[in-house]
Amino acid sequence: MQVFEQVESQVRSYCRNWPTVFATARGSRITDEDGRSFLDFFAGAGALNYGHNHPVIKEALLAYLTEDNVVHTLDTYSGAKTRFLEAFRDLVLAPRNLDYKVQFPGPAGNNAVEAALKLARKVTGRETVVSFTNGFHGMTLGALAVTGNSMKRGGAGVALNNTATMPFDNYMDGRTPDFLWLRSLLEDPGSGLDKPAAVIVETVQGEGGINVASDAWLRGLESVCREHDLLFIVDDIQMGCGRTGPFFSFERSGISPDIVTLSKSLSGMGLPFALTLMKPHLDVWEPGEHNGTFRGYAPAFVTATAALETFWRNDTLTDQVADSADWLDGELRGIAETHGDLGISTRGRGLARGLVFDEPRHAALVCQEAFANGLLMETSGAEDEVVKFLPPLTTTREEFEEGTAIVREAVATVAKDPELRGDAGEERA
Ligand SMILES: *Cc1c(COP(=O)(O)O)cnc(C)c1O
């Protein structure tokens, strides 16, 4: 591990909580170089919805490479791209009656977000984009400007502007009508808010702490957009590809976003791959206006196609997610109730779930304990107060039982050890 400290930048982060060298992985398990096996309830921050190295997806990639098929193609046509676009049209868009043009914006989620923001500004000729408290959209400057987290924003080193932040669902006191503030600003010529080009929102904020927007809230937001002629962008990078059940997280709410971003689990096995989807009338790009070297990464087309064909021909995975989510929710509620004195609550949708701690330190300690006992989990939220569950959607009930037993133990350890809790003084007082 010495080489990491010696050579790799300080910016490295996840490895600090999981100080081991990972070697192999399959399904919901990952093994380190010493042969220690971990259950993975982080799943590459939602990039591994179908688990590590799914055998069918991996086989498709190996076969593609063995036959010397093209790997790098800029955006020239290839058989791999043909098959991906056909599968995406036939298995994702058509069955949902969705009419979107598909843009390959570059390999990472932030590329998809940048393309979405640029397109919204180009279409409307306006600059401001409305984003939401605790939103997360990536680290490049445009995406960072619509991201809430102050530490991440601070890394920009320049002003992050042309944006306005509004309260996400449940941010206020619950008594103020949800869109009172946004509507007032839009309608008041004295408000100081330049007419926005678009709003960008996650249906469930993953990095922001598993904050769930209700269907009614999303429909309300869509109404505001329609009334004021703003484009409605849904960033489905983490919550898409079945994380909440359906392929797109917004399907259940009945909204019809103008622009949608996808990445993370899109390639099916953790290869970089992202899409920006736009309603056809918004496709006003000039050829090459948003360019990039890695927009035609054939290995990701191949694995993404295999993933769509394996998991999205029917509703089996969606049903399985609903089932697992119900069960996991029950377990987490149980844990929260057992340790009422720690002040824990639960939230989430589908297999994006959170255990929310009054005291952020406790969330970190639970993750640390879980790691020591063979389970990978991360925290999220503005103060890292949420233990975040993003298990592979394919995780079996036995694996869920094993994982939640480790969580229960970890919470119990934190609960009974005042030293560990760091509030021994308070207890004495
Ligand atoms: C991860 C994420 C991004 C950024 O994707 P990168 O690949 O890290 O650039 C954007 N939006 C959401 C909602 C994400 O979860």
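A cavity, in the sense used here, is a set of grid points over the protein atoms alone where a 1.4 Å probe fits but cannot get out, and its lining residues are those with an atom within 4 Å of a point. The structure under discussion is a predicted model.

**Enclosed cavities**

With that definition in hand, the second largest cavity is lined by Phe 132, Met 166, Pro 167, Asp 178, Phe 179 and Leu 182. By class, this lining consists of five nonpolar residues and one charged residue, with no polar residue present. The largest cavity has a longer list of neighbours, namely Phe 104, Gly 106, Pro 107, Pro 272, Phe 273, Ala 274, Phe 294, Arg 295, Gly 296 and Tyr 297, and these divide into seven nonpolar, two polar and one charged. In total, two cavities of 30 Å³ or more are counted.

**The second largest pocket**

Among the open spaces, the second largest pocket holds about 540 Å³. A total of 20 residues line this pocket, and the closest to its centre are Asp 75, Val 102, Gln 103, Phe 104 and Arg 295. Helix H5 (79–93) and strand S4 (101–103) are the elements that give two or more residues to the lining. The class composition of the pocket lining is seven nonpolar, six polar and seven charged residues. Phe 104 and Arg 295, listed among the residues closest to the pocket centre, also appear in the lining of the largest cavity.

The volumes and lining classes of these spaces are set out below.

| Space | Volume | Lining by class |
|---|---|---|
| Second largest pocket | about 540 Å³ | seven nonpolar, six polar, seven charged |
| Largest cavity | about 40 Å³ | seven nonpolar, two polar, one charged |
| Second largest cavity | about 30 Å³ | five nonpolar, no polar, one charged |

**The ligand and its shell**

The ligand is surrounded by Ala 108, Gly 109, Asn 110, Phe 136, His 137, Gly 138, Glu 202, Asp 235, Ile 237, Gln 238 and Lys 264, a shell that comprises three nonpolar, five polar and three charged residues. Several polar atoms of this shell can be paired with atoms of the ligand: a polar side-chain atom of Asp 235 lies 2.6 Å from a ligand nitrogen, a polar backbone atom of Asn 110 is 2.8 Å from a ligand oxygen, and an N or O atom in the side chain of Gln 238 is 3.2 Å from an oxygen atom of the ligand. Taken on its own, the ligand has 380 Å² of accessible area, of which the protein covers 84%.

**Backbone and side-chain details**

Most residues other than glycine have a negative phi. Ala 45, although not a glycine, has a positive phi of about 55 degrees, and this residue lies in helix H3 (residues 43–46). Ala 45 counts as buried because its relative accessible area is 7%, where buried means under 20%. Asn 162 likewise has a positive phi, near 65 degrees, but is placed in the loop between helix H8 (150–154) and strand S6 (163–166). With a relative accessible area of 34%, Asn 162 is partly exposed.

His 52 lies in the loop between H3 and helix H4 (55–66), and with a relative accessible area of 11% this histidine is buried. The side chains of His 52 and Asp 40 are joined by a polar contact of 2.7 Å.

How values were computed: Residues are numbered from 1 along each chain as its sequence is written. This is a predicted model: local features need pLDDT of at least 70, side-chain atom pairs count only at pLDDT 80 or more; totals for chains, interfaces and linings use all residues. Side-chain values use heavy atoms; hydrogens and water are left out. A residue is near a molecule or strand if one of its heavy atoms lies within 4 Å of it. A polar contact is a pair of N or O atoms within 3.5 Å; within protein, one must be able to donate a hydrogen and the other to accept it, and residues adjacent in sequence count only if both atoms are side-chain atoms. Accessible areas come from the Shrake-Rupley method with a 1.4 Å probe; for residues, only the protein chains shown count as cover. Ala, Val, Leu, Ile, Met, Phe, Trp, Tyr, Cys and Pro count as nonpolar, Asp, Glu, Lys and Arg as charged, and the others, Gly among them, as polar. Helices (H or I, at least four residues) and strands (E, at least two) are DSSP runs, numbered from the N terminus. Buried means under 20% relative accessible area, exposed over 50%, partly exposed in between (1.4 Å probe, protein chains only). On a 1 Å grid over the protein atoms alone, a cavity is a set of points where a 1.4 Å probe fits but cannot get out, and a pocket is an open set with protein on both sides within 12 Å along at least five of seven lines; lining residues have an atom within 4 Å of a point. Grid points are joined across faces, edges and corners, and a volume is the space filled by probe spheres set on the points.
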